[in-house]
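Here is a friendly walk through pockets, a surface patch and salt bridges, written for someone who likes to set the numbers beside the coordinates.

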Amino acid sequence: DTNFNSFGSFSEASGFGSGAQSTATVSLRGMGSGKTLVLLDGKRMAPSPGASGATVDLNTIPFAVVDKIEILSDGASAVYGSDAVGGVINITLRKDYEGFNITSQAQRPSNEGGDQDSMSLTYGLASDKGNFVLSAEWDKKDIIFNRDREYLQGHIGSTYEDSAGISHNARNIKYTVKDENGDYYSTWRVAHVNGQSLCDDRFVGTMPRETSRYGADSEVCPFDYNGVAGKTARIERANLYAFGGYELTDDIRLTMSTLATRKTSFGRFAPAAGNFNVTGS
């Protein structure tokens, strides 16, 4: 049985208000990221609050000082518990680095959006008695909107049935537009009321629908939600890692390590296409 990252993993996506939009996880054997244990130097990593504490966020790992990545070929629930049923990934960081290194990288896709800049600084020193490693990372990736990728864009045809990636119910908000009298109407019901068009510049225009609960050849106001929705979020991440070790005696070695991460993100769902009221008792 081969380990592979499959269903249940999560990459950064736009619009997840829980904070998960800045989270990246791994899922071995498709059992879900909560069943894949991620270790750092053989120790459990703190779970991500953006994933409700159910799994580890890979974006918190200082990749500039990663030495090797080991994958346990079999589940290890007997040793680590139920969160290791899918498998175990152990990430080992460098402890013996000597010197000073600065790296930078810039990526510019041919399409709009997704620009990425990153920089890392690594410093290390070692002696017969001990060693010290310090790593600082920063990277930023811009948001990608659906409208900026041809395979994500909505297709607007001559009729609603010939179109794709557009909505005639304004993202499931029942009453979305109002007429000259202030009365609310739904865009999946009518496109005109008392001669007034309900299809303003928020919509792609009036479009016939060949099949409808209100009869054939009815008109609707489709909304191109792909024109405003994001596919991936804008993410900015900063990591700081420090490790120190010193041999007090031949049998006693003192070690210290710390890891701090700060992430900010911005994503966008498609908004409702028109006005609506929220009423309650």
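## Pockets, patch and salt bridges

Arg237 has a relative accessible area of 9%, so this residue counts as buried. Keep in mind from the start that the model is a predicted one. Arg237 is a handy place to begin, since it turns up both in a salt bridge and in the lining of a pocket.

Let us take the salt bridge to begin with. Arg237 pairs with Glu137, and their closest N and O atoms are 3.7 Å apart. The two partners come from distant parts of the chain: Glu137 sits in strand β7 and Arg237 in strand β16, 100 residues apart. What is the burial state of Glu137? Glu137 has 10% relative accessibility, so Glu137 counts as buried.

Now for the pocket. Arg237 is one of the residues that lie nearest the centre of the second largest pocket, together with Phe63, Gln116, Ser118 and Asp139. This pocket has a volume of about 260 Å³, and 15 residues line it. Strands β6 (116-126), β7 (130-141) and β16 each give two or more residues to that lining. By class, the lining divides into five nonpolar, five polar and five charged residues.

The largest pocket has a volume of about 520 Å³. Its lining holds 25 residues, and Leu40, Arg44, Met45, Ala46 and Leu259 lie nearest the centre. Which elements supply at least two residues each to this lining? They are β2 (43-44), β16 (234-247) and β17 (253-266). Strand β17 provides the largest share, with eight residues. The lining is made up of 11 nonpolar, eight polar and six charged residues. Strand β16 therefore appears in the linings of both pockets, as a look at the strand lists shows.

Strand β17 also takes part in a salt bridge through Lys263, which pairs with Asp57 at 2.0 Å between the closest N and O atoms. Because Lys263 lies in strand β17 and Asp57 in the loop between β2 and β3 (66-72), the pair ties together parts that are 206 residues apart in sequence. Is each partner buried or partly exposed? Lys263 is partly exposed, at 25% relative accessibility, whereas Asp57 is buried, with a relative accessible area of 2%.

In the whole structure, a search finds eight salt bridges. Three of them are set out here, with the N to O distance for each.

| Salt bridge | N to O distance |
|---|---|
| Lys263 and Asp57 | 2.0 Å |
| Arg108 and Asp117 | 3.1 Å |
| Glu137 and Arg237 | 3.7 Å |

Asp117, from the middle row, is partly exposed, with a relative accessible area of 27%.

On the surface, there is a nonpolar patch of about 660 Å². Its members are Phe100, Ile102, Met119, Leu121, Tyr123, Leu125 and Trp138. Strands β5 (99-107) and β6 each give two or more residues to the patch, and β6 has the largest share, four residues. Tyr123 is found in strand β6. Why does Tyr123 count as partly exposed? The reason is its relative accessibility of 32%, which falls between the 20% and 50% cut-offs.

Definitions and conventions
Residues are numbered from 1 along each chain as its sequence is written. This is a predicted model: local features need pLDDT of at least 70, side-chain atom pairs count only at pLDDT 80 or more; totals for chains, interfaces and linings use all residues. Side-chain values use heavy atoms; hydrogens and water are left out. On a 1 Å grid over the protein atoms alone, a cavity is a set of points where a 1.4 Å probe fits but cannot get out, and a pocket is an open set with protein on both sides within 12 Å along at least five of seven lines; lining residues have an atom within 4 Å of a point. Grid points are joined across faces, edges and corners, and a volume is the space filled by probe spheres set on the points. Ala, Val, Leu, Ile, Met, Phe, Trp, Tyr, Cys and Pro count as nonpolar, Asp, Glu, Lys and Arg as charged, and the others, Gly among them, as polar. Patches are made of residues with over 30% relative accessible area and no salt bridge: like charges are joined within 9 Å, nonpolar side chains (Val, Leu, Ile, Met, Phe, Trp, Tyr) within 5 Å. Accessible areas come from the Shrake-Rupley method with a 1.4 Å probe; for residues, only the protein chains shown count as cover. A salt bridge is a side-chain nitrogen of Lys or Arg within 4 Å of a carboxyl oxygen of Asp or Glu. Buried means under 20% relative accessible area, exposed over 50%, partly exposed in between (1.4 Å probe, protein chains only).
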